[in-house]
Amino acid sequence: MLRLCLLAAHALRLAGAALLSPGSCAFEDSACGYDWDYAHLPWALHGEGHYISVDTSYEGEKAVLSSPELYTEEWSCVRLIYQIATTSETSPDPARLNLYLRQEGESFDRLLWSAKEPSDSWLIASLDLMNSTKKYKIVLEGEMGQDKSASIAVFEIKITPGYCIECDFEENHLCGFVNRWNPNVNWFVGGGNIRNSQSILPKDHTLNSELGHYMYVDSVYVKHFQEVAQLISPKTTAPMSGCLSFYYQLKQESSIVFTIYLRDTSGFYEEIWKTDSALSADWALAEVDFNAPYPMEVIFEVAFNSAKGGYVALDDISFSPVYCSNQTGTPFNPAEAGCNFEEDLCNFYQDHKDGPGWSRVKVKRNVYRTGDHTTGFGYYLLANTKFTSQPEYIGRLYGPTLPGNLQFCLRFYYALYGFFKMSGTLAVYIFEENHVVQEKIWSVLDSPRGVWTQAEISFKKPMPCKVVFVSWCKSFWDCGLVALDDVSLSLGSCQAADLLLPNPGECTFEKDECVFTQKKRGRGIWHRRRGPTPTSYTGPKGDHTTGVGYYMYIEASNMVYGQRAYLVSKSLRGTSGKQCLTFFYHMYGAGTGLLSVYLKKEGDDEEIPLWRRTGEQSISWLRGLIEYESDRNYQIIFEAIRGVSIRSDTAIDDILFQAGPCLEVEEIQFSSGYPDSLNEIEY
């Protein structure tokens, strides 16, 4: 087995075992209450080397290590010193270390962090834990992959109150801050017994002592114009907003540029602060408003123009969830710029000078016209360009005012009907406050007809602006219907949001079947598919998630009447209290059979029926809601039964398990058929 880098890790002990807080462990002579799951590979405690590890000397897929039950109402930071060692440089399935949060009352563990990069020495991971009133456990999972000679070691876990981006640089691990190496200029640790630079300060800020530590960068070895040194914080792992503060000293003999940036996972840089002082003989406090809705790194960057530029020192980085004193008013809430149109237009409005415009409508469940995207039987907006007798019809829907200089991600669903040429029939513009400056940021190029399709747009404008949806009929002979629903706005770029770790208990079937497997009784099988099903007049035209993604369905032409197909979840953790299961189902076709959902508790042979639909329901995706309880481990089973004809394709998509009761409850849990009134649009 590979030799782990023990001496280096031992030299970086975060604290003595006696001083460790609950959930923290140095693995010096015990596992501090951490237990491993005996159903999987064993963890080995190495007291002489002060670490715990798992390797491929045993046969198995993974090892699981769980902390004692923990509780804190404060925001906390988990720091993990670990190493993944392997002999294989490139493996299709490498060894991996995952860290989960297991909260009280939830059936799923939330994945907070995952790493698979092998190294020759220890590495540090810093993970934010949001404040919560629930008890929880930290769960470490070592996956061994396909490498025949791999090992995973954990040297230390430390849980401390506060935020992971905070640091006073007094500990050797530097809170996970790293210097981006440059041949000529770099950030160094100053203070303590270090006496190797002319830019060393007599005292740090934290202790106001020559024994205290800080970070500094100087220009002694600068060789080129605009030499840059970067100090990079740990990546945030939970949404944060508030005030970032720090102390710095700056001595400038020629031009120095000291700047702070935010960098998201897609590499987008946003400047949030720049020094306006040429000289700071003493420690100066700087404060800046900080907004990290997605994982972000804070980058402290210093640029020198010559070897006689001077130096910058940095100490005591801290964070407060309250914005800095220079911000007034209520912080912008991006949720106010979204709407599902179930109750009203929310904060959207129309200018009646534009003509008939957009109408809020509702379609009853039917087999001819698609309902809304939110539930399948709710409200959405419709621009019916056939209501006008004049070409060049334009309907505008104005959103609320958005603040300037912020990165936004706009998402919405649209569906088009009746157009011969779809290009340009729906567009999104940005209007500045005075409506004089307009910019088109998106327009339809092509789309599946009559399918709710998701669009997402990232944008950032320096001035306050509004999002405007514009439906357009270019000629009298080519007008149709434009539908709009589920508009949402979030901070950050859409690309950064797409890189977030998946929500626990959510399955969209975009990548695989998630926690579900086939239970083969007979030859009925659930298929994962995108686009329409092969048989006409049955099945969906697209999925519910994006309109162009994947869903699960039964292909009736491959089954016989009455044959069943089962999709069964893995064993889920039982909890006290109610749970809510949300999913979308599609039952369209004259011969449609049955779709049922069952609960099977561990140790019971009986499957408890929770929900059922019989016969053709709608041409739309419809939302199903189920509230249930199980204090024992359990499984959820989706059962589809083939109907009397091949027009019996049944599909499901967008399954979501949530702790707590459903916010809405379906009035009818067991029903058959559809209402008598079909294809009616209510205005």
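In this account, helices and strands are DSSP runs, numbered from the N terminus, a strand being a run of at least two residues in state E. With that naming in hand, the reader can follow labels such as β18, which stands for residues 279-292. The model is a predicted one, and the walk through it begins with its open spaces, then turns to its enclosed spaces, one of its sheets and some of its disulfides.

The second largest pocket holds about 650 Å³ of space. Its lining is made of 27 residues, and those closest to the centre of the pocket are Glu-270, Asn-291, Tyr-323, Asn-405 and Leu-406. Several strands contribute to this wall: β15 (240-252), β16 (256-264), β17 (269-274), β18 (279-292) and β24 (406-417) each give at least two residues to the lining of the pocket. Among the contributors, β18 has the largest share, with four residues. When the lining of this second largest pocket is sorted by class, 15 residues are nonpolar, eight are polar and four are charged.

From the open pocket we pass to enclosed space. Rolling a probe the size of a water molecule over the atoms shows where empty space is left. Over the whole structure, such a search finds two cavities of 30 Å³ or more. The largest cavity has a volume of about 60 Å³, and the residues that line it are Ala-337, Phe-348, Gly-399, Pro-400, Leu-402, Leu-410, Val-467, Phe-469, Val-487 and Leu-489. At least two of the lining residues come from each of β23 (393-402), β28 (465-473) and β29 (481-491), and the largest share, three residues, belongs to β23. The lining of the largest cavity counts nine nonpolar residues and one polar residue, with no charged residues.

The second largest cavity has a volume of about 30 Å³, and its lining is formed by Asn-184, Val-185, Asn-186, Phe-188, Val-217, Asp-218 and Tyr-221. Here the classes divide into four nonpolar residues, two polar residues and one charged residue.

The next stop is a sheet. Five strands form an open sheet in the order β2-β3-β10-β5-β8, and their pairing is antiparallel. At its edges lie β2 (44-46) and β8 (123-129), each of which pairs on one side only. From one strand to the next, the twist averages 30°. Within this sheet, β5 and β10 run antiparallel and are joined by 11 bridges, and a reader who wants to find one position along β10 may look for Glu-156, which stands opposite Ile-81.

The strand β5 also leads to the disulfides. A disulfide is a covalent bond between the sulfur atoms of two cysteines. Counting pairs of cysteine sulfur atoms within 2.5 Å gives eight disulfides in this model, and three of them are followed here.

In one of these, Cys-77 and Cys-164 are joined, with their sulfur atoms 2.1 Å apart. The link of Cys-77 and Cys-164 is right-handed, with 110° about the S-S bond. This pair connects distant parts of the chain, since Cys-77 sits in strand β5 (residues 76-86) while Cys-164 sits in the loop between β10 (150-161) and β11 (178-180), 87 residues apart. Both Cys-77 and Cys-164 are buried.

Another disulfide joins Cys-409 and Cys-494, whose sulfur atoms are 2.0 Å apart, and its link is right-handed as well, with 105° about the S-S bond. This pair, too, links distant parts of the chain, with Cys-409 in strand β24 and Cys-494 in helix α2 (residues 494-498), 85 residues apart. Cys-409 has a relative accessible area of 1% and is therefore buried, and Cys-494 counts as buried because its relative accessibility is 1%.

The last of the disulfides described here is formed by Cys-507 and Cys-514, with sulfur atoms 2.1 Å apart, and the link, with 85° about the S-S bond, is right-handed. Are the two cysteines of this pair buried or partly exposed? The boundary for the buried class lies at 20% relative accessible area, and that for the exposed class at 50%. Cys-507, with a relative accessible area of 3%, is therefore buried, whereas Cys-514, with 37%, is partly exposed.

Note on methods:
Residues are numbered from 1 along each chain as its sequence is written. This is a predicted model: local features need pLDDT of at least 70, side-chain atom pairs count only at pLDDT 80 or more; totals for chains, interfaces and linings use all residues. Side-chain values use heavy atoms; hydrogens and water are left out. On a 1 Å grid over the protein atoms alone, a cavity is a set of points where a 1.4 Å probe fits but cannot get out, and a pocket is an open set with protein on both sides within 12 Å along at least five of seven lines; lining residues have an atom within 4 Å of a point. Grid points are joined across faces, edges and corners, and a volume is the space filled by probe spheres set on the points. Ala, Val, Leu, Ile, Met, Phe, Trp, Tyr, Cys and Pro count as nonpolar, Asp, Glu, Lys and Arg as charged, and the others, Gly among them, as polar. Buried means under 20% relative accessible area, exposed over 50%, partly exposed in between (1.4 Å probe, protein chains only). Two strands pair if DSSP finds at least two bridges between them. Axes are lines fitted to C-alpha atoms, for helices over the stretch in contact, and angles run from 0 to 180 degrees between N-to-C directions.
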